Amino acid sequence: GYDPNYRGPAGDFGQNISPNGVIEYTGSAFPSLQGKLLVVRYGGGDDVVAVTLGGDGQATDISPIIQKPAGLVDPLDITQSPTTGFMYVSWYNERGGENPDQAGITLLRPQ
């Protein structure tokens with residue numbers, strides 16, 4: 001059967017893009033992101049996007065905040081430090097290239 005409470009998707013992340021890790025940003029290091037959902041997009045995205053939700057729970061804006069920075073390939077998850085508000089993105093480069101099958105964690109902090 002199906003869930004009678006299912007109301008469809010809240011947003012569209014695009015074709016061949018896998019939205020993986022998600023957090024609601026509650027830190028203080030990036031004030032403009034306060035209360036937004038931060039989503040890492042694996043595959044065609046290779047980025048981190050900020051999702052703004054409307055009162056009805058639907059996405060009103062999906063904006064990249066980190067676009068394919070050096071060393072961030074195929075991001076899988078995101079978390080934030082409860083003390084600093086800095087974010088950490090885990091990634092796994094499965095596509096090969098110069099550094100095949102490498103993984104890591106990238107720190108995101110204000111410049």
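The following exchange concerns how the terms applied to this predicted model are justified.

User: What basis do the values and the numbering have?
Analyst: The model is predicted, and local features need pLDDT of at least 70, side-chain atom pairs count only at pLDDT 80 or more, and totals for chains, interfaces and linings use all residues. Residues are numbered from 1 along each chain as its sequence is written, and side-chain values use heavy atoms, with hydrogens and water left out.

User: What makes the secondary structure of the protein chain come to strands and helices in the numbers given?
Analyst: A strand is a DSSP run of E with at least two residues, a helix a run of H or I with at least four, numbered from the N terminus. The protein chain has seven strands and zero helices, in the order β-β-β-β-β-β-β.

User: Why are β5 and β6 called paired?
Analyst: Two strands pair if DSSP finds at least two bridges between them. Strand β5 (residues 75-80) and β6 share five bridges in the antiparallel sense, so the term applies. One of the partnerships sets P75 against W91 in β6. The two strands form a hairpin with six residues between them, where G85 in the turn has a positive phi of about 80°.

User: How do you know that β6 also pairs with β7?
Analyst: Seven bridges join β6 to strand β7 (residues 102-108), therefore the minimum is met. These strands run antiparallel, and Y92 stands opposite A103 in β7.

User: What share of the residues of the protein chain counts as buried?
Analyst: Buried means under 20% relative accessible area (exposed is over 50%, partly exposed in between; 1.4 Å probe, protein chains only). Of the 111 residues, 32% count as buried.
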